[in-house]
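This report describes the fold and the internal spaces of one protein chain. Please consult the sequence and the structure shown here while reading.

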Amino acid sequence: MATLKGSETHCTGAKQRNCKSNIVFKLTESKITGQTFSRGTQLPSGLLQERDKRAKWQGIPTLLQNLYESSHPNSDLSHAHGLIKVLSSQLSMEAMSFVTEDRKTAQESTFPNTHTFDLFGGVHLLVELLMRPTLTMQKKKPKMNDDLVKDCLSVLYNCCICTDGVTKSLAARDDFVLFLFTLMTNKKTFLQTATLIEDILGVKKEMIHLETIPNLSGLVQSFDQQQLANFCRILSVTISEPDLGNDDKHTLLAKNAQQKRNSSPSRAEVNQVTLLNIPGFIERLCKLATRKVSEATGANFLQELEEWYTWLDNALVLDALMQMATEEAEQSSTESSDEGSLATSPLRHRLPPSMKIVHEIMYKVEVLYVLCVLLMGRQRNQVHKMLAEFRLIPGLNNLFDKLIWRKYTLSNHVVHGQNENCDCSPEISFKIQFLRLLQSFSDHHENKYLLLNSQELNELSSISMKANIPEVEALVNTDRSLVCDGKKGLLTRLLTVMKREPPDSSFRFWQARAVESFLRGATSYADQMFLLKRGLLEHILFCIIDSGCTSRDVLQSYFDLLGELMKFNIDAFKRFNKYVNTAEKFQAFLTQINSSLVDSNMLVRCIVLSLDRFQSQTEDVKVVEVLSECCLLSYMARMENRLAFLFRLVNIINVQTLTQENVSCLNTSLVILMLARRKAKLPFYLNALREKEYAEKYPGCLLNNFRNLLRFWQCHYLNKDKDSTCLENSSCIPFSYWKETVSVLLGSDRTSLCAIASYIDEPFMDLDRDLLED
């Protein structure tokens, strides 16, 4: 066989150059040497140039060939940088069109420039180029030019935006992902690095371990406030549990099975602990969340926001624009003393005057999101203590009127669902994140009283004193130096704007959730009266009965809030009867409740519990008066109505469809039966369910379904301290009585009149048992 050297003896001079540019020669050479083609740029230049004319590759393959040749180790990379700049200008225009109104045009291109760049190995080459300093054995690592690094990162980001698969391929390289974090130490390359990392982590199959990032604590502490705010975008991906979607993984059955398989903390939970261990991290986030921003002038502020949010992909893009504008300003000031030259430049012409406020709002969205996730994590008490210490709530209260809930209203209000990832404007995102934070902050925690000011705390004390009941311990223990300043606390300000929202506004959902969280837990008469005095009950009833609201999410949130507001409070039922003063209004109210019992069952539970308590207080004249007059209490006092609710509650759920959303239906049905058991009427209720089965001609189905639900209840709640505490606090029924009642209902003795098994005929026993065991 002829050697490669021998074969080349026939090619000399110009003829040799033609041989090497011939595809046949290249293929023959690869067979002899064993070095096959690994990238498109290894093809002969002549072939690439010829094909370029027809495929419209814009000369990118040839540029990449030159880049490979000029970026070998030990080269000064100056020529390579020039080539990257040329490539960057070609690719950036395409990427820009993807985040502007020209996106459709760019997607319709047959061979986008970024696709060609990736096809011929450009992405791989730039990754290799960026990481080259880490591969040297020298103690002192060589430093690449900052501008070269920035241009490489920008090209990679543009490819991620425009070409499918690039982001995933980069995410698969753990070494490259960790390397990118080291680039964030350089302020000149921070912005481009953060932008790229955010995109990569968003598609990474496995969540990154924050503790594997080299010197994470030092890195975070080195950030200025602007960098830290942008870093929160990256952190949000690393501390949030992955969204499983709307499939069966959301069922409690599947979640419990998942918890048994994975008893150790999740990667997101480990990352949360890692962040909390960084000195000063939470304090800096609190300062970011509460720092003030200059007011926008003119009534067109929100109009500008609406126009801009469709253009801006995220806060990082906004940072890039502002950075470009600043650099442009500096360049213009050195080149010309004419101030008009900057004002007429294309970029400055497109930046609205309210850019700085948009900037600040988008920062705060990210910061509030991170704080909210940490508040809902396992380290909740530690986070709560720090947020209180660093005065987060008073700071947000001071921003409420001037920034969070400005007096301006959107001209074209769009209803957004409860998904926090919804694609909406910075202003809307900011409000929703703020409300979610309040909800997480108040929920079952004594720090909820920090949402009030000193005068409002005194008002709560006065309400308790007037009612001759002891003050809540959490209220007594509240550190008054940490509460809200000014004439109104944050909760009162929230109630004010809540009443102004349009009927179907998505803000109503989050507002109601935030206020409800203040009431959740052990029922406080003083807290209820504080809100009743401010007209909250009448506002809720107006929204349910008279406003024409059709949003199920909003209605559910109002039912839940109404339940917490009225529970065990005789004054609330009296106010209800005063508002619902006609048969038509009461029927409209019942229609809303019955339209979706999954949404309204918490209110049904409240009415049943309250009725039971009031019936034991017949020595109180006021209670007797309201019991006799209130249409709602009279309705629930009728046995047939309670039975109708019980039948529907058991019938609309089964073990396979139980979720965090509808498991409350099971607990409400249990409340009805527990109260019946207290009065020795449990057999009557169970027999009524049996008769209903036979009347509907499916004997055994309803009661077997209920038995399976109760078996699941035992598995689910007997291993969850938090859930059991919530059940006890919300119902004022000891959890021991819950467990005892479930055991009695599941008793195997068919002679027991309190066991479900006694009411199922033998042929129909355990119809669905196999489904539960699976």
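The report below treats the chain as a whole, then its cavity, a pocket and a helix contact.

**Overall architecture**

The coordinates come from a predicted model. The chain contains 45 helices and zero strands. Of its 774 residues, 52% are buried. Among the contacts in the chain that join residues at least 6 apart in sequence, 75% link residues at least 24 apart.

**The cavity and glutamate 516**

Searching the whole structure yields one cavity of 30 Å³ or more. The largest cavity has a volume of about 80 Å³. Its lining is formed by Glu516, Asp560, Gly563, Glu564, Lys567, Met602, Arg605, Cys606, Leu609 and Ser730. Helices α33 (552-566) and α36 each contribute at least two residues to this lining, and the largest share, four residues, comes from α36. Divided by class, the lining of the largest cavity has three nonpolar, two polar and five charged residues.

Glu516, one of the lining residues of the largest cavity, belongs to helix α30 (residues 506-519). Is glutamate 516 buried or exposed? Its relative accessibility is 8%, and because buried means under 20%, glutamate 516 counts as buried. Apart from neighbours within four places in sequence, glutamate 516 is in contact with Asp560, Leu561 and Glu564. Asp560 and Glu564 also appear in the lining of the largest cavity.

**The second largest pocket**

The second largest pocket holds about 540 Å³ of space. It is lined by 23 residues, of which Ala467, Ile469, Tyr525, Phe568 and Gln617 are the closest to its centre. Four helices, α31 (525-532), α34 (570-579), α36 (597-614) and α37 (621-629), each supply at least two residues of the lining of this pocket. Helix α31 gives the most, with three residues. The classes in this lining are eleven nonpolar, six polar and six charged residues. Helix α36 thus supplies at least two residues to the lining of the second largest pocket and four residues to that of the largest cavity.

The table sets out the two spaces by volume and lining class.

| Space | Volume | Nonpolar lining | Polar lining | Charged lining |
|---|---|---|---|---|
| Largest cavity | about 80 Å³ | three residues | two residues | five residues |
| Second largest pocket | about 540 Å³ | eleven residues | six residues | six residues |

**Helices α40 and α42**

How do the axes of helix α40 and helix α42 cross? The axes of α40 (residues 663-678) and α42 (residues 701-717) come within 11 Å and cross at roughly 105°. Angles of 65 to 115 degrees count as roughly perpendicular, so α40 is roughly perpendicular to α42. On the α40 side the contact is made by Val663, Leu666, Asn667, Ser669, Leu670 and Leu673, and on the α42 side by Phe706, Leu709, Leu710, Trp713 and Tyr717. By class, the residues of this contact comprise nine nonpolar, two polar and no charged.

Helix α42 also contains arginine 707. With 7% relative accessibility, arginine 707 falls under the 20% limit and therefore counts as buried. Arginine 707 and valine 742 lie 35 residues apart in sequence, and their C-alpha atoms are 9.3 Å apart in space.

Key. Residues are numbered from 1 along each chain as its sequence is written. This is a predicted model: local features need pLDDT of at least 70, side-chain atom pairs count only at pLDDT 80 or more; totals for chains, interfaces and linings use all residues. Side-chain values use heavy atoms; hydrogens and water are left out. On a 1 Å grid over the protein atoms alone, a cavity is a set of points where a 1.4 Å probe fits but cannot get out, and a pocket is an open set with protein on both sides within 12 Å along at least five of seven lines; lining residues have an atom within 4 Å of a point. Grid points are joined across faces, edges and corners, and a volume is the space filled by probe spheres set on the points. Ala, Val, Leu, Ile, Met, Phe, Trp, Tyr, Cys and Pro count as nonpolar, Asp, Glu, Lys and Arg as charged, and the others, Gly among them, as polar. Buried means under 20% relative accessible area, exposed over 50%, partly exposed in between (1.4 Å probe, protein chains only). Contact means heavy atoms within 4.5 Å. Axes are lines fitted to C-alpha atoms, for helices over the stretch in contact, and angles run from 0 to 180 degrees between N-to-C directions. Angles under 35 degrees count as roughly parallel, over 145 as roughly antiparallel, 65 to 115 as roughly perpendicular and the rest as oblique.
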